Amino acid sequence: MSRTDTHHTSSLYMAPLRGFTDHIYRNTFSEHFSGFDLAVAPFITGKKGDKVPRKYIKGLLPENNTGMPVVPQILSKSAKEFILLANHLFNIGYETINWNLGCPYPMVAKKQRGSGMLPHQDMIREFLDHVIPALKGRLSIKTRLGWQTKDDIFRLIPLFNQYPIEEIIIHPRTGKQMYEGTTDLEAFEKLLSMTIHATVYNGDIRSLDDFKRLSQRFNTVNRWMIGRWALVNPFLPLMIKTGKDSISNKTVIMKRFHDDLFNQYSQILSGPSHLLDRMKGLWRYFSLAFKDCNIAMKKIKKTRKPDQYTDLVNHFFEAEAEWFE
Ligand SMILES: Cc1cc2nc3c(=O)[nH]c(=O)nc-3n(C[C@H](O)[C@H](O)[C@H](O)COP(=O)(O)O)c2cc1C
């Protein structure tokens with residue numbers, strides 16, 4: 001296979017974006033777009049006690065996830081809690097569970113969870129020693145370069161190499177960086193040469209060109225995860241899969257997708273303010289796909305009534321929206 005062919009065989013993963021890529025979004029996405037091979041679901045946290053109530057994993061119930069294959073994700077530093085929840089998810093049919101070792105939010109990280117656990121090699125070793133033999137299925141890991149510094153990951157890869165891990169998803173930023181600043185591609189390249197595990201690249205794939213550049217540089221990687229920029233441009237996964245941008249009517253398709261999401265959310269979110277908050281959150285990303293839409297977005301942000309929201313959005317799509325090429 002030549003280097004330029006790599007995009008045909010790559011697997012593309014929808015990144016977990018808490019507050020955005022829930023089961024409604026994932027299912028609706030699958031009805032309007034293609035290109036993703038699977039989604040890692042946003043994290044659920046470990047559960048104390050011995051029972052997992054149905055409500056706790058509602059968004060992960062197989063009957064609520066018919067659109068695309070899903071890998072559930074758990075955020076926890078407790079082996080006991082992780083094992084309980086993960087085995088419950090294996091029992092209802094999942095084959096792989098992802099461990100969140102990357103969450104950068106100070107509330108999470110300060111408690112040595114997510115990226116905040118990365119400096120604590122001994123805790124991670126103990127966790128894996130307990131969890132891996134007890135799991136009824138496979139474990140994958142999603143991580144960053146470290147919490148405060150990228151040194152963390154260089155110490156951890158030799159540790160990870162001692163365990164059977166399905167794959168390691170790496171977002172090459174530190175926790176401290178949150179989602180800002182540049183990704184450290186040199187560090188990622190070094191990690192690739194150190195790890196024995198399948199590695200998924202994640203971070204700042206904004207366009208087909210970005211993907212081409214990254215896939216040429218990391219030509220042994222064939223699993224890629226895309227988050228924010230697929231929220232902005234849901235056509236991106238298919239563009240990457242086909243290696244070209246041949247989709248017309250983007251605005252029309254985007255409107256149908258939006259309307260579908262609005263209808264679905266209006267059925268499950270209680271009260272107009274929850275519904276509008278959710279939709280306004282999505283527009284923070286959707287808006288980046290359209291030219292000169294600041295005025296329209298300001299109006300949409302101010303709406304308090306669903307009817308008014310719908311009128312404004314319809315007007316935007318029908319009269320103003322111009323897809324950014
Ligand atoms: C709003 C938001 C929510 C996120 N939620 C999660 C999450 O639940 N689990 C996780 O592992 N990563 C989460 N992430 C990180 C993304 O999965 C991804 O690693 C990051 O956005 C970088 O990829 P991107 O540049 O393609 O977006 C979140 C990111 C954002 C911006």
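**Notes on the barrel, the α3 packing and the ligand shell**

1. Start with the sheet: 8 strands form a closed barrel in the order β1-β2-β3-β4-β5-β6-β7-β8, and the pairing is parallel. On average, neighbouring strands of this sheet are turned by 30° against each other, direction ignored. Keep in mind that this is a predicted model.

2. Zooming in on one pair, strand β3 (residues 70-75) and strand β4 (residues 96-101) run parallel and are joined by 2 bridges. Here I74 stands opposite W99 in β4.

3. That pair has a helix on it: α3 lies across β3 and β4, and runs at about 165° to β3.

4. Now for the helix-helix contact. Helix α3 (residues 79-91) packs with helix α5 (residues 121-134) at an angle of about 20°, the axes being 9 Å apart. Since angles under 35 degrees count as roughly parallel, that makes α3 roughly parallel to α5. The crossing of α3 past α5 is right-handed.

5. Who touches whom? On the α3 side look at A79, F82 and I83, which meet F127, H130, V131 and A134 in α5. By class, the residues of this α3 contact with α5 come out as 6 nonpolar, 1 polar and no charged.

6. Last, the ligand. There are 21 residues around the ligand, and A15, R18, P42, G227 and R228 come nearest. Both β2 (38-45) and α9 (228-232) supply at least two residues each to the shell. The shell around the ligand divides into 9 nonpolar, 8 polar and 4 charged residues.

Technical notes
Residues numbered from 1 in each chain as written. Predicted model: local features only at pLDDT ≥ 70, side-chain atom pairs only at ≥ 80, totals over all residues. Axes fitted to C-alpha atoms, helices over the stretch in contact; angles between N-to-C directions. Helix = DSSP H or I, 4+ residues; strand = E, 2+ residues; numbered from the N terminus. Parallel < 35°, antiparallel > 145°, perpendicular 65-115°, else oblique. Left-handed = near helix turned anticlockwise from the far one by under 90°. Contact = placed C-beta atoms within 7 Å. Nonpolar A, V, L, I, M, F, W, Y, C, P; charged D, E, K, R; others polar. Near = placed C-beta within 6 Å. Pairing = 2+ DSSP bridges.
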